[in-house]
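Trainee: Could you take me through one part of this protein slowly? I would love a close look at its aromatic rings and what lies around them.

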Amino acid sequence: MTRAQGTSHSAAVDLIAILVAVICGEPRVMTLRNGEALPSGPFELGHRSLQFGLRAWVEQQTHHPLGYLEQLYTFADRDREGAQSHRRTISISYLGLTRARDDTEHGWRSWYDYFPWEDHRAGPPKLIASTLAPALDAWAATAEIAEEQAGRRQRAALTFALDGQPWNEELTLQRYELLYEAGLVPEALRRGDAALHARSRKNTHAALQDLVSGAAMIADHRRILATGIARLRAKIKYRPVVFELMPPTFTLLQLQRCVEALAGRTLHKQNFRRLMEQQDLVEETGETTSEAVGRPAKLFRFRHAVLAERAVAGTKLPLARS
């Protein structure tokens, strides 16, 4: 790692990539170490820029070239290092989008493996009502002040759509952070917080062996992944980045399934097609393809001219509700 010399207060700079593809209707993220880590590496003096360094590490570790790439966020929280850490790490994260034909390539994992409560395409996951809601309620009850208990329950209701609240797919990070604060994900127990362990022991719902809390990742990588998912879910509503994940030609159903996979929500078919027509984002190729059932479907392609036409106004691709 790159770090200051001759001082116990040194810091390392990590470059971390969230590389996303939609494969067979599932949002996938490229991982290392049997799914426990995102591609990453230290920023070195030989790298002419942060982005150059990240591309070099990703291509070396995954043998997958990076296409679309944007800087996401810089993480430098001291208490997220883990109890045994003797160094400070500054993590500079990037969100990358790519096209992959299938998931036989080693390393692709569904991001719902890490956040199973985020996939609402078939309705709210049962684990929210059966496991997470009771665990969060029990955690809220451990607060010593009534106002704090109420505040915790309100946060749980707003983020996890409890007590009649609507589901907001963009709150991915807030949901993970709430579970972290409540001690309901394995990463929270690494920091050696005695009070946190005490709360977890009181909370009978929080026994990790009984809690469906998603696959854990090293260091802060799952938090970084949650940040990337939230960014992408918001961005597909106003920028045509979804087409970075599509093949050159596609059907409107394939495009809809891609958006649904990313958002974790189902869309109304006719409303979605009407939006595509109104926004003039796609154009017909004049060709058709045979899908699993029904008559041949028209093939479309992205209108690249839209990038110049709407550079100022934005593309306005709202997520339709079913």
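Mentor: Happily; here is a walk through the aromatic rings, followed by some charged side chains and a word on confidence.

Please keep in mind that this is a predicted model. A pair of aromatic rings is described by the distance of the centres and the angle of the planes. Counted this way, the protein has 7 aromatic pairs. One of them joins phenylalanine 115 to tryptophan 117, with the centres 5.9 Å apart and the planes at 85°, an edge-to-face arrangement. Both of these residues, phenylalanine 115 and tryptophan 117, are buried.

Now stay with phenylalanine 115, which also pairs with tyrosine 176. This second pair is edge-to-face as well, at 6.0 Å between centres and 90° between planes. Here the partners come from distant parts of the chain, 61 residues apart. Phenylalanine 115 belongs to the loop between strand E6 (108-110) and helix H2 (126-141), while tyrosine 176 is part of helix H4 (residues 172-181). Like phenylalanine 115, tyrosine 176 is buried. If you step back, you can see a cluster in which ring pairs link Phe115, Trp117, Tyr176 and Tyr180.

Next, look for charges over rings. Arginine 222 lies over the face of phenylalanine 115, 5.9 Å from the ring centre. Elsewhere, arginine 175 has its charged end over the ring of tryptophan 167, at 3.7 Å from the centre of that ring.

One more arginine is worth finding. Arginine 265 sits in the loop between helix H7 (252-263) and helix H8 (269-279). Is arginine 265 buried or exposed? Its relative accessible area is 18%, and the cut-off for buried is under 20%, so arginine 265 counts as buried. The side chain of arginine 265 also makes a polar contact, at 3.1 Å, with the side chain of glutamate 169.

Finally, a word on confidence. The mean pLDDT of the protein is 82, and 78% of the residues reach at least 70. Among its elements, helix H3 (residues 146-160) has the highest mean, 97, and helix H5 (residues 194-202) the lowest, 46. Residues 1-8 stay under 50, and the model gives them 15 contacts beyond four places in sequence. Residues 193-198 are also below 50, with 7 contacts beyond near neighbours in sequence. Where pLDDT is low, the predicted coordinates should not be read in detail.

Definitions and conventions: Residues are numbered from 1 along each chain as its sequence is written. This is a predicted model: local features need pLDDT of at least 70, side-chain atom pairs count only at pLDDT 80 or more; totals for chains, interfaces and linings use all residues. Side-chain values use heavy atoms; hydrogens and water are left out. Rings of Phe, Tyr and Trp (its six-membered ring) pair if their centres lie within 6.5 Å; planes under 30 degrees apart count as stacked, over 60 as edge-to-face and the rest as tilted. Buried means under 20% relative accessible area, exposed over 50%, partly exposed in between (1.4 Å probe, protein chains only). Helices (H or I, at least four residues) and strands (E, at least two) are DSSP runs, numbered from the N terminus. A charge sits over a ring if NZ of Lys or CZ of Arg is within 6 Å of the ring centre and within 35 degrees of the ring normal. pLDDT is the predictor's confidence in each residue, from 0 to 100. Contact means heavy atoms within 4.5 Å. A polar contact is a pair of N or O atoms within 3.5 Å; within protein, one must be able to donate a hydrogen and the other to accept it, and residues adjacent in sequence count only if both atoms are side-chain atoms.
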